[in-house]
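Q: Could you give me a close look at the charged side chains here, and at what surrounds them? I'd like one connected walk-through that I can follow residue by residue.

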Amino acid sequence: MLMAEAAQKAKANQLINKFVISLTDGRILGYVTDINVEVEGDQFYFILRIRILENLSKGGEFHQGMFSNERKLRIKPSDIVNVGPDAIILGEGKVPPLKEIERLHAIAEEYNTLVREIEAKEKMIKDLKDENYRLTRQIDELNRELRKLQVMKEDFEHLKEQLIKQEGQLEMAKEYIKLLEGLRHDIDVIKEDVENLTKGYLEEAVRTIINEELNARGLKKTFL
């Protein structure tokens, strides 16, 4: 508390021998000749002893007769907008201090910068969404083509199985034909053997009958 009071007193000494100007009223209140510091609770007040400025010439020139009686002006440190080499600017609580204005201006600039960055980000997000939508449509189209190719592949595999099956059946048919050809050859051989055997047996039987007949008649045997 003592350190804060000492700081306020040091600040108060910078306010002596300066004009006091009301920023809200737009007029010169007077000239500071002395200053005191009062404390109420945790609030500091500057008690300015000022000489009231009157009879200011229209040309704005200063002269001895323009200062009249003195009076006291009680202000808060927060009422001070700025302190220059020649004047104290008061906002009377309606205008923030110059440093606060500068801070708010810096905040506004930072806010505007953030707004521009956000707008740029939003545009980037929109562009990315559009690109994502375009890529999604391309992916959907590729998936449809992929499904078509998958169906074609399944049809091809089915056809391939049928061809392999038919090839196997064809090979079996070829083997069966070869078997039939072999059987036909064997049948032809058997047929020929049977015919030869039958022919020989008939000839032998006829010869035997003729010879028996000739013998019965006392004739010679015949040879066929």
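A: Let's start in helix H2 (residues 98-217), where Asp 127 and Lys 123 are 4 residues apart, which means about one helical turn separates them. The helices and strands named here are DSSP runs, H or I over at least four residues for a helix and E over at least two for a strand, numbered from the N terminus. Asp 127 and Lys 123 form a salt bridge, with 3.2 Å between the closest N and O atoms. That term stands for a side-chain nitrogen of Lys or Arg within 4 Å of a carboxyl oxygen of Asp or Glu.

A word on what you are looking at: this is a predicted model, in which local features need pLDDT of at least 70 and side-chain atom pairs count only at pLDDT 80 or more, while totals for chains, interfaces and linings use all residues. Residues are numbered from 1 along each chain as its sequence is written, and side-chain values use heavy atoms, with hydrogens and water left out.

Back to the helical pair. Lys 123 is exposed, with a relative accessible area of 54%, whereas Asp 127 is partly exposed at 37%. (Buried means under 20% relative accessible area, exposed over 50%, and partly exposed in between, using a 1.4 Å probe and protein chains only.) Further along H2, Glu 141 and Arg 144 are 3 residues apart, again about one helical turn. Their closest N and O atoms are 2.4 Å apart in another salt bridge. Both ends are partly exposed: Glu 141 has a relative accessible area of 35%, and Arg 144 comes in at 40%.

The structure holds 9 salt bridges. One of them takes us out of the helix and over to the strands, where Arg 74 meets Glu 40 with the closest N and O atoms 2.5 Å apart. This pair links distant parts of the chain: Arg 74 is in strand S4 (residues 67-75) and Glu 40 is in strand S2, 34 residues apart. Arg 74 is partly exposed, at 41% relative accessible area, and Glu 40 is also partly exposed, at 44%. The pair has company, too, as Glu 38, Glu 40 and Arg 74 are linked in a network of salt bridges.

Arg 74 has an aromatic neighbour as well. Its charged end sits over the ring of Tyr 45, 3.7 Å from the ring centre. For this to count, NZ of Lys or CZ of Arg has to be within 6 Å of the ring centre and within 35 degrees of the ring normal.

Another charged residue of S4 is worth a stop: Glu 70. Glu 70 is partly exposed, with 41% relative accessible area. Leaving aside residues up to four places away in sequence, Glu 70 touches Thr 33, Arg 49, Ile 50 and Arg 51, where contact means heavy atoms within 4.5 Å. Ile 50 is 20 residues from Glu 70 along the chain, and their C-alpha atoms are separated by 5.4 Å.

What lies around these charges on the nonpolar side? The largest nonpolar core has 13 residues, and Val 20, Leu 48, Leu 73 and Leu 90 touch the most other members. Such a core is a set of buried Ala, Val, Leu, Ile, Met, Phe, Trp, Tyr and Cys residues joined through side-chain atoms within 4.5 Å. S2, strand S3 (43-53), S4 and S6 each supply at least two residues of this core. Leu 90 has contacts beyond four places in sequence that include Val 20, Leu 29, Leu 73 and Ile 80.

Leu 90 is also the bridge partner, in S6, of Ser 22. S1 and strand S6 (residues 87-90) pair in the parallel sense over 4 bridges; DSSP must find at least two bridges for two strands to pair. On the other hand, strand S5 (residues 80-83) and S6 run antiparallel, joined by 3 bridges, with Val 83 partnered by Ile 88 in S6. S5 and S6 form a hairpin with 3 residues between them.
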